[in-house]
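User: I am new to this structure. Please take me through its charged pairs, with the reasoning behind each label.

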Amino acid sequence: MHHDVIVIGGSYAGMAATLQLVRARRSVLVIDAGERRNRFASHSHGFLGQDGVPPGEIAANARRQLETYPTLTWLEGRAEAVSGQVDEFTVTTSDGVPHQGRRILLATGVADQLPPIAGLAERWGKAVFHCPYCHGYELGQGRIGIIGAGPLSVHQAELLTDWSDVTLLVNSAVELSQEARATLERRGVTIEEAPIDRIDGHADVAMTDGRLLPFAGLFTATRTVPSGSLVEAMGCALEETPLGMQVRTDAENKTSVPGVFACGDVARAPHSVSLAVGNGAMAGAQVHRSLLWPETVQPVQQEKAAAS
């Protein structure tokens, strides 16, 4: 079957885009590997109408609603390669089966590169977080620790003082200027210089000097990269942001490859379920427009690529 659009990634952004397309009665194939970024979290917060709902439940309900549309095909699998051009793309999945489509929408999400601290990865999404708007309120104004990861850690520490008392655990990962120190001190942030040995218990930070610092929760500024290797293999231009690498897109969600669009965390920062859904909905509309007016696809892409 030759689909109008192949959406690679069936999480929040990909499903939001798909909804716009199937409601326009377009044939859409969603290829999803089932690796949502927030799969480690027990509850999702800050998403209007779904506050406090388990993220898996949100995703499952969204998929059930999409599957009521007859032009949707959902494939549980992994896209391994994309070849071809506008109107004639082929996506090959891990089982070796080729799938044809006129447009490609990348909604693959990102992977978080965590600080290499013993015990941190096991607590990611449970006691260690990156977004205060998603998880800060649930800490009940208990003590918050910021695990230093780079320049954004200073901003994170300042921001989180609206939620509780904050300690910045520098851990040799943050260079603090005199101005930054003064700003943090004015905000009431405690600066802890000793290195971290590991994380124990719920969110107890064991320091190399033998002290154990208990917290209600921990935050760290992860560096993100596009999930998997597909984006780079396709030749999509990337760009560096304060949060990490993402696919470069224009205002219409087009990438540097003609006929290929991108949305959600892989193409926009900052990141949250709400923002991914909004960006995905817009991307779906933009992909639909490109099917109606195909003459607009390639010239825009060529011009953008030439400007890079």
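User: Why does Arg37 count as buried?

Analyst: This is a predicted model, and its values are computed from it. Arg37 has 18% relative accessibility. Buried means under 20%, so Arg37 is called buried.

User: What makes Asp265 and Arg37 a salt bridge?

Analyst: Their closest N and O atoms are 3.0 Å apart. The cut-off is within 4 Å, so the pair qualifies. Asp265 is also buried, at 14% relative accessibility.

User: Which parts does the salt bridge of Asp265 and Arg37 tie together?

Analyst: Asp265 sits in the loop between strand E19 and helix H8. Arg37 sits in the loop between strand E2 and helix H2. The tied parts are 228 residues apart in sequence.

User: How do you know that Glu193 and Arg181 form a salt bridge?

Analyst: The N to O distance is 2.6 Å. That is within 4 Å, so the label holds. Glu193 lies in the loop between strands E11 and E12, and Arg181 in helix H6. They are twelve residues apart.

User: Why is Glu193 called partly exposed?

Analyst: Its relative accessible area is 39%. Partly exposed runs between the 20% and 50% limits, so Glu193 fits. Arg181, at 29%, is partly exposed as well.

User: What makes Arg198 and Asp200 a salt bridge?

Analyst: Their side chains meet at 2.9 Å, N to O. The limit is 4 Å, so they pass. Arg198 is partly exposed at 35%, and Asp200 is partly exposed at 25%.

User: How many salt bridges does the structure hold?

Analyst: It holds 16. Asp4, Arg26, Asp87, Arg102 and Arg103 are linked in a network of them.

Key
Residues numbered from 1 in each chain as written. Predicted model: local features only at pLDDT ≥ 70, side-chain atom pairs only at ≥ 80, totals over all residues. Heavy atoms only, no water. Helix = DSSP H or I, 4+ residues; strand = E, 2+ residues; numbered from the N terminus. Buried < 20%, exposed > 50% of the residue type's maximum accessible area, 1.4 Å probe, protein only.
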